[in-house]
Every structure is written in C-alpha cells, then in structure tokens.
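Here is a briefing on one structure. Please keep the sequence and the coordinates open as you read.

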Amino acid sequence: MARSLTKAYERVKNIDWEPSYISAADKYVEATRFYLPKKALDPFKTFIREYFLMEREKESRHYALLEAASRLQGSNPEPRWMEGMKFALSNLSAIEYSAGRQMGRMARVVAPMELRQGYMMQVLDEMRHTQLELNALRHHMRSWQDPSGYDIALKAAGNSVGAGIFRALAEDFSTCDAVETSLGLQVLIETAYSNIFFVGLSSAAAQSGDQVMASTMLTIQSDESRHMANGYATLMTLLQDDRNIPLIQEAFDKWSWRGHMGFEVGLSLFADYFVKHKTESAREMSQRWLLDDFYGGFYKKLAKYGIKEPRWLPDVIRNSEWASHTAAVYLFGAWPVFYHRYDPIDEREMEWFEKKYPGWYSHYGKFWEAYQQMTDADAGMLVTKELGGLPAFCQVCQLPWIFPRPDASTGSTIEREGRTIAFCSPACKSIFENDPNHYSGFKTFYDLYDGWDLADVIVDLGYVREDGKTLMAQPVLEPRRMWTVDDIRRCRYEVTSPLRKTAGVSAGGSPHSAVP
Amino acid sequence: MSTEKMWIEERDIVGVKLIAGEEAEAAAAVISESYPDAVIERYPAYLSIEAPKEVVFDLRQISERLGRPYDAPTFLVIMSSYHGRINVDDDRITLSSEIVRPE
Ligand SMILES: [Fe+2]
Ligand SMILES: [Fe+2]
C-alpha cells in the first residue's frame with residue numbers, strides 16, 4: 001500500500017459538515033440521553049475502499065471453502081452438532097440482521113463522524129453475517145441427512161418459544177436509547193460474549209466435522225474485531241463528559257445481566273449439550289473469555305473513571321454455575337415444541353458433568369433418568385407433561401422460571417394492570433420496573449397458547465414434516481418409531497399457564513381441546 | 001478449576017486469535033522471536049497469541065517471513081478477535097493493556 005492510511009484518515013475526517021437546511025434535532029431523528037462530544041476516536045481508521053478490499057478477500061477465502069465442502073461431501077459430521085445447528089443458525093441469522101438495523105439507527109442518532117463511520121460499516125458487516133449464516137444453513141440443509149428443521153429455520157426464529165429469548169434481546173436492543181445499544185451490544189455482547197461462541201466454539205465445529213461452520217464463525221468474528229473497537233471508541237468518547245458516568249453505569253448494570261441471560265445462557269447450553277466430544281466446559285469458557293479477558297482485562301480498568309462493577313454481576317457469576325444445565329432441562333423437557341432431533345447425554349457425559357460441575361447429578365440426575373424413560377412414541381409418556389408441564393416465562397428475558405436451578409428458583413411475580421407478570425430473577429424484575437412499558441408488550445408462550453392442546457400448538461407452529469403428521473423434533477436421534485402429532489395428542493397435555501388465575505379460563509382457544 | 005468458585009482478577013494480558021493457516025504461523029513466528037514471554041497456542045481452527053502488557057505486530061516482518069507483500073487490511077482478514085486496546089497503523093498493529101481516555 002503506497003499511501004499512508006493514517007495521514008489520509010486525518011485529512012478526510014475534516015470533511016464533515018452540518019447541513020444548513022435542516023436542524024440538528026430533525027437530522028438526528030431520535031434524541032439520546034447521553035452527552036456526545038464533537039470529537040471521537042476510531043482505532044481502526046477504516047476507509048470504505050480498504051473495507052471492501054478486506055471484505056472481498058474474506059468472502060473469497062470463505063466461499064472457496066464452502067464450494068469445496070459442497071463438492072467433497074462425505075466427511076461424517078457429528079449428528080448432535082448438525083441437529084443443534086438447526087436451532088443455532090436460525091437464531092443467529094435473526095440476531096445478526098437485527099444488529100444491522102440497530103447500527104443504522106445508531107448512525108442516525110450519534111453525531112461524531114468517527115463513530116458514525118464505524119457504525120455504518122457495521123451495518124454492512126451484519127448483513128454479511130446474516131448472509132454467511134443463511135448460506136451455512138442452506139449448505140447444511142442440502143448436505144445433512146435430515147434437512148427437516150433447516151427448511152423452516154427462519155420462520156422458527158420468529159415463532160419458537162425458545163427463540164423468544166433472542167427475539168426479546170434483539171427487540172430490547174432495537175428500542176432502547178441508541179447510545180445504550182452501543183454499550184450493550186458492542187461493549188457487552190460483542191466484546192464479552194461473541195468470542196465464546198464464534199472463536200471458542202469454532203474448535204467444536206471443526207471437531208464435529210463441520211468445517212463450513214468453523215470457517216463461518218471465524219470469518220464473522222474477524223468483523224467483530226471492528227465492532228469491539230466501535231464499542232470501545234463509543235465508550236471512550238462518552239467518558240470525556242462526566243455527566244455520562246451514571247448513564248454508562250446504568251447501561252452496564254442492565255446489559256451485563258441482559259447479555260448473560262439473553263445470550264450467554266444459550267451459548268453455555270450449546271457448549272455443554274450440543275458438543276459431543278467435550279474438552280472445555282461452558283463454565284470454564286466463561287471464566288476464560290468473560291471473567292478473565294473481559295471483566296479482568298478490560299472492565300475492571302474502567303474503575304479509574306468511576307465505573308463500578310455491574311450491579312448484577314454477582315448474580316451472573318452465581319447463575320453461571322448451573323446455567324447450561326438448567327437451560328438444558330428446559331430445551332430437552334420442552335422438546336416437542338422445537339425443530340431438531342435431540343441427542344440426550346450418555347453415561348460418559350454424565351460423569352464428565354459431575355467432574356466439571358460437582359453436585360451436578362444430585363440436581364439434574366433425576367431429570368435425565370425421566371427423560372431417558374420417555375423417548376418411545378408407543379409408550380405415550382411425555383416428559384413435558386410428567387414433570388409438571390412448562391413453567392412460567394420471564395417477561396424480560398423470556399427464559400423459564402427455573403434459574404439458577406429448577407430446585408432453587410429466584411423467580412417472582414407482580415400484579416400489573418390486571419395481569420400477573422413473572423420474572424426469573426430480581427435483576428429482570430428490577431429491569432422491568434425501571435421501564436415497564438418497554439417490556440410489557442412482548443407476548444409470552446402462554447399469551448398465545450394457554451389452554452391449547454400441545455398437538456395443536458405444534459401444528460400451529462408448523463413444526464411437522466412433509467406428511468403433515470410426523471414431528472420435526474424427536475427426543476432421540478434415531479427413535480424406533482418417529483413421534484407424530486397423534487402420539488402427542490394421545491398424551492393429553494393441555495398447555496396451562498402457571499399464572500392463570502381461574503381454572504378453565506384461558507387466553508387461547510385450541511382448535512381441538514384435549515380436555516373434554 | 002472445576003471445584004473452585006469463579007473469580008475476577010485484573011489482568012494485563014493482550015493478544016489475538018488468528019484464523020489458522022500460513023499467515024497465522026508467520027505472525028506467530030515473528031512474535032515468538034521478539035517476545036520471549038509470548039504464549040502461542042494452536043486450536044483446531046485458530047491460533048492464539050498472548051503476551052503481557054503490549055504486543056506489536058510488525059507487518060514488514062510478517063511480509064518478509066511470507067516472502068510476499070503484506071499489509072494491515074490483509075492481517076485483519078485473519079484476525080478473528082483480540083483483547084487489549086487496539087491501534088491499527090500503516091505498518092503495524094498494536095495491542096496494549098492500558099486504557100487511555102483521549103482528551
Ligand atoms: Fe455480527
Ligand atoms: Fe429474566
């Protein structure tokens with residue numbers, strides 16, 4: 001490269017102007033409660049021309065691999081991983097797309113040009129990530145032995161109860177103060193958590209024989225590097241004005257917890273339960289990437305500017321001890337309302353869990369024994385029903401009411417405008433009470449399906465195969481006979497909101513109620 | 001560590017995760033020559049380089065190793081992640097552990 005980027009960058013930065021035909025208030029559309037100085041920093045100094053050259057190079061390297069992978073089929077990927085990717089990819093592509101929307105919004109609200117520039121490139125990055133994930137999804141759909149589930153992945157991101165966790169997170173990011181979005185998304189999620197998934201689990205993808213996903217993850221994360229820098233630049237810019245300190249603190253208090261429940265819990269579940277050949281536990285990954293690298297290597301150093309430990313961090317740490325296992329009880333317990341085949345853990349893995357999480361068996365052993373006994377469609381026993389039905393869902397994070405452990409929930413409820421509203425934790429409750437209108441509108445599973453027969457719920461969600469009967473989800477990889485909606489109907493399980501006050505009065509109206 | 005509680009300690013380690021391959025190996029070779037404290041680890045799809053306090057990737061040295069021109073945007077193609085504070089210049093990429101607020 002002949003010309004100096006650094007010098008050119010300084011020159012170009014001065015070519016910014018305030019238009020005379022529109023007022024600042026009209027130009028920036030939405031107000032922010034943060035104070036933004038005129039000058040900001042941009043550690044990457046990226047020009048559009050270099051940006052495109054760089055991204056083109058990334059694309060040609062990645063798509064060469066994708067092309068080769070579709071020609072050289074026959075590597076035997078691990079079924080558990082390939083089935084888990086149905087849920088993972090559908091949610092990831094939706095999260096990335098909404099991140100792109102959030103960046104566009106931030107670029108309209110935030111004035112300093114260095115930050116705007118970084119956000120605008122991130123819009124393009126996030127569209128790239130959505131496409132990369134959709135292409136991985138398409139590749140898997142064509143190459144994997146059971147495409148069912150991949151084919152409805154995008155629809156499922158919009159209607160699955162489990163995907164509600166990620167929808168709630170993305171909607172929160174899209175509707176909170178746009179500067180808060182930067183602190184929550186770029187500083188918390190992208191800096192603290194995205195590494196665990198995209199870098200940490202890229203090894204698991206490679207070991208599971210899914211080279212396409214390993215490459216997808218690492219090429220995505222290479223853009224994430226700039227996103228972390230966007231977050232850092234935004235934060236450093238804000239720290240120049242002391243009036244921002246309490247606002248930054250408030251954002252970190254909230255997003256440290258929201259990021260944990262809305263993103264890290266899902267990652268932990270994935271790391272511990274979708275990876276067959278285990279090396280590092282989810283908890284060890286959290287220690288390394290989150291506590292050592294993020295909190296130890298970065299966050300703690302903000303103390304000199306008056307930024308304190310996030311309010312709910314002790315709860316995050318306590319929750320992390322059991323988060324993946326509790327999330328697994330939910331995911332496996334509610335298997336018929338998902339869209340992949342399940343591969344429950346075996347004896348060898350149970351031993352591994354007991355070693356990595358001492359006490360694991362005493363808290364979760366019973367669930368797994370019950371699960372193993374109820375996988376046969378002919379026996380007509382549904383683990384979802386036998387263990388007491390689905391729990392209430394938290395109005396803020398949309399996780400069930402069973403955290404940190406099903407036998408020790410920190411959940412609570414409040415009455416508001418004639419409704420009973422549930423929270424998984426004091427943190428989510430407090431976040432709700434700070435801004436109730438922000439979270440009230442999100443419809444939970446029960447707002448939609450209370451009173452329905454589970455079989456009708458599955459049909460309504462569209463999680464049946466081409467014959468219109470066989471479920472996409474199966475409780476084991478290769479059942480003796482595949483479960484159908486008729487098997488579910490025979491189990492006679494009516495979805496019943498634990499928050500319902502009057503028996504028989506429900507929000508929904510099942511087309512064919514199981515209860516006479 | 002499995003039986004211990006999780007904890008947070010302030011650290012001054014900086015580093016990068018590079019997509020595995022020829023370029024990552026060249027960078028690792030350059031770093032291990034100039035930073036005796038650097039820790040290089042190889043994972044199935046990526047390579048990790050960590051060092052205390054500060055590390056500078058000199059793109060000319062990497063270019064010499066590779067035997068072809070090499071610049072910052074190309075290095076960023078394989079840099080999947082980093083920790084520390086980053087600064088990208090024409091001929092080098094610097095990671096440092098200190099946080100400095102611009103005035
Ligand atoms: Fe992204
Ligand atoms: Fe919650």
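The points below cover metal sites, one helix pair and two single residues.

The model is a predicted one. Iron ion (ligand 1) has donors from glutamate and histidine side chains: A:Glu96, A:Glu126 and A:His129. Iron ion (ligand 2) is held by cysteine sulfurs, from A:Cys394, A:Cys397, A:Cys424 and A:Cys428.

**Iron ion (ligand 1)**

- The coordinating atoms are OE of A:Glu96, OE of A:Glu126 and ND1 of A:His129, at 2.0 to 2.2 Å.
- Along the chain, these donors follow the spacing E-x29-E-x2-H.
- A:Glu126 and A:His129 both belong to helix H5 (residues 113–143) of chain A; they sit three residues apart, so about one helical turn separates them.
- A:Glu126 is buried, and A:His129 is buried too.

**Iron ion (ligand 2)**

- Each of A:Cys394, A:Cys397, A:Cys424 and A:Cys428 coordinates through SG, at 2.3 to 2.4 Å.
- The site is tetrahedral, with angles of 105 to 116° among the four donor atoms.
- The donor residues are spaced C-x2-C-x26-C-x3-C in sequence.
- Of these donors, A:Cys394 and A:Cys397 are buried.

**Helix pair H3 and H9, chain A**

- Helix H3 (residues 48–71) packs on helix H9 (residues 211–238) at an angle of about 170°, and their axes are 9 Å apart.
- The angle is over 145 degrees, so H3(A) and H9(A) count as roughly antiparallel.
- H3(A) contributes A:Tyr51, A:Met54, A:Glu55, A:Lys58, A:His62, A:Leu65, A:Leu66 and A:Ala69 to the contact.
- From H9(A), the contact includes A:Gln211, A:Val212, A:Ser215, A:Thr216 and A:Arg226.
- By class, the contact residues are six nonpolar, six polar and four charged.

**B:Ser80**

- B:Ser80 is part of strand S5 (residues 79–83) of chain B.
- Its relative accessibility is 0%, so B:Ser80 counts as buried.
- Beyond its neighbours within four places in sequence, B:Ser80 touches residues of chain A: A:Val199, A:Leu218, A:Gln221, A:Ser222 and A:Ser225.
- In chain B, its contacts outside that sequence window are B:Lys17, B:Leu18 and B:Ile19.

**A:Glu478**

- A:Glu478 lies in a loop of chain A, between helix H20 (454–461) and helix H21 (485–490).
- A:Glu478 counts as exposed because its relative accessibility is 61%.
- Neighbours within four places in sequence aside, A:Glu478 is in contact with A:Gln145 and A:Arg341.
- A:Glu478 and A:Tyr97 are 381 residues apart along the chain, and 34 Å separates their C-alpha atoms.

Technical notes:
Residues numbered from 1 in each chain as written. Chains lettered and ligands numbered in written order. Predicted model: local features only at pLDDT ≥ 70, side-chain atom pairs only at ≥ 80, totals over all residues. Heavy atoms only, no water. Donors = N, O, S within 2.8 Å, 3.2 Å for Na, K, Ca; no water. Helix = DSSP H or I, 4+ residues; strand = E, 2+ residues; numbered from the N terminus. Buried < 20%, exposed > 50% of the residue type's maximum accessible area, 1.4 Å probe, protein only. Axes fitted to C-alpha atoms, helices over the stretch in contact; angles between N-to-C directions. Parallel < 35°, antiparallel > 145°, perpendicular 65-115°, else oblique. Contact = heavy atoms within 4.5 Å. Nonpolar A, V, L, I, M, F, W, Y, C, P; charged D, E, K, R; others polar. Tetrahedral: all angles 85-135°; square planar, octahedral: opposite > 155°, others 65-115°.
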